[in-house]
Amino acid sequence: MTTRDWLMAAATKTLARCLLPLAHLHAPGHARHVACQWALGIRYPAEDLRGLTLAAHAAFTTARTEAFWRDGQLIGLTSGHRDAAEQHRIYVADLQRPGLPRALHPAESPHVRGVAMDVRPVEGARWLEENGARYNLYRTYDNEWWHFEYRLHRPARLPYPGAVHAYR
């Protein structure tokens, strides 16, 4: 973690604590959750949780609230729901790049279905990998430390997007 990252994390944690009284007035009984979401929204201003299914949204925000208050870990969202057109652009661009696939066709993409989340920083993803099953959030690809999906049951982890297991 860089000095800048450490300072930003410390400022976010301080801000959340300062926002607790206001959050309590706004949502009695849910102040820690609300203050956490407000502070993380300021820390990660470009993140967009819209388009996630209600269950995926609730799981993600609950997990990151727990990570924040219990372990002091920040988890931000770099990408959640994508519409089919955006996913298609990513898919086509990925076809032009060498190496393993990194994007799925829109018809197969959990981002289009609103159940996939790409998270940051690495430490947040590590926390989510260790604790995410409590919230039905699972890392699904070996080559993408940042990619998690809301699933009711633990999926088999694939080596990369688009891979299939030999027994299928």
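1. In this predicted model, the largest nonpolar core comprises 19 residues, and those with the most contacts inside it are Met117, Val119, Leu128 and Leu137. Two or more residues of this core come from each of helix H3 (54–71), strand S2 (116–120), helix H6 (122–131) and strand S4 (147–150), and H3 gives the most, with five residues. Such a grouping is in keeping with a general tendency, namely that in soluble globular proteins nonpolar side chains tend to be buried together.

2. For a view of the packing around one of these residues, Leu128 is a convenient choice. Not counting residues up to four places away in sequence, Leu128 touches Ala63, Ile75, Val119, Leu137 and Phe148. Apart from this core lies another, of 15 residues, among them Ala9, Ala39, Phe68 and Leu74.

3. Helix H2 (residues 31–43) has 13 residues, and the distance from its first C-alpha to its last is 18 Å, close to the 18 Å expected at 1.5 Å a residue. The buried residues of H2 are Ala31, Val34, Ala35, Cys36, Gln37, Ala39, Leu40 and Arg43, and they pack against helix H1 (3–26) and against H3. Of these, Ala39 has already been listed among the residues of the 15-residue core.

4. Ala35 lets the packing of helix H2 be followed at the level of a single residue, since its place is in that helix and, at 0% relative accessibility, Ala35 counts as buried. Its contacts, leaving out residues up to four places away in sequence, are with Ala16, Leu19, Leu20, Ala23 and Trp69. The C-alpha atoms of Ala35 and Leu22 are separated by 8.1 Å, although these two residues are 13 residues apart along the chain.

5. On the cysteines, the count of disulfides comes to zero. The sulfur of Cys18 has its closest cysteine sulfur in Cys36, 14 Å away, and this is too far for a bond because a disulfide requires sulfur atoms within 2.5 Å. For Cys36, likewise, the closest cysteine sulfur is that of Cys18, at 14 Å. The surroundings of the two residues also contrast, in that Cys18 is exposed, with a relative accessible area of 57%, whereas Cys36 is buried, with a relative accessible area of 0%.

6. The aromatic pairs number three. One of them is formed by Trp145 and Trp146 and is edge-to-face, with 5.5 Å from centre to centre and 90° between the planes. Both members of this pair are partly exposed, Trp145 with a relative accessible area of 36% and Trp146 at 27% relative accessibility.

7. A polar group that deserves a careful look involves His111, which lies in helix H5 (residues 110–113) and is buried, with a relative accessible area of 4%. The side chain of His111 makes a polar contact with the side chain of Asp118, at 3.4 Å. Not counting residues up to four places away in sequence, His111 touches Ser79, Gly80, His81, Arg82, Gln87, Ala116, Met117, Asp118 and His147; of these, Met117 was named above among the residues with the most contacts inside the largest nonpolar core.

8. Arg82 belongs to the same discussion, since its side chain also makes a polar contact with the side chain of Asp118, at 3.1 Å. The place of Arg82 is in the loop between strand S1 (76–79) and helix H4 (84–95), and Arg82 is buried, with a relative accessible area of 10%. A further polar contact, of 2.7 Å, joins the side chains of Arg82 and Gln87. Leaving aside its neighbours within four places in sequence, Arg82 is in contact with Gln87, Ile90, His111, Val112 and Asp118.

9. Two points of backbone geometry remain. The peptide bond from Arg120 to Pro121 is cis, with omega near -15°, and the place of Pro121 is in the loop between S2 and H6, two elements that each give two or more residues to the largest nonpolar core. Phi of Asn136 is near 65°, which is a positive value in a residue other than glycine. Asn136 lies in the loop between H6 and strand S3 (137–139), and at 22% relative accessibility Asn136 counts as partly exposed.

Definitions and conventions:
Residues numbered from 1 in each chain as written. Predicted model: local features only at pLDDT ≥ 70, side-chain atom pairs only at ≥ 80, totals over all residues. Heavy atoms only, no water. Core = buried A, V, L, I, M, F, W, Y, C linked by side-chain atoms within 4.5 Å. Buried < 20%, exposed > 50% of the residue type's maximum accessible area, 1.4 Å probe, protein only. Helix = DSSP H or I, 4+ residues; strand = E, 2+ residues; numbered from the N terminus. Contact = heavy atoms within 4.5 Å. Phe/Tyr/Trp six-rings, centres within 6.5 Å; stacked < 30°, edge-to-face > 60°. Polar contact = N/O pair within 3.5 Å; in protein donor to acceptor, adjacent residues only side chain to side chain. Expected span 1.5 Å × (residues − 1).
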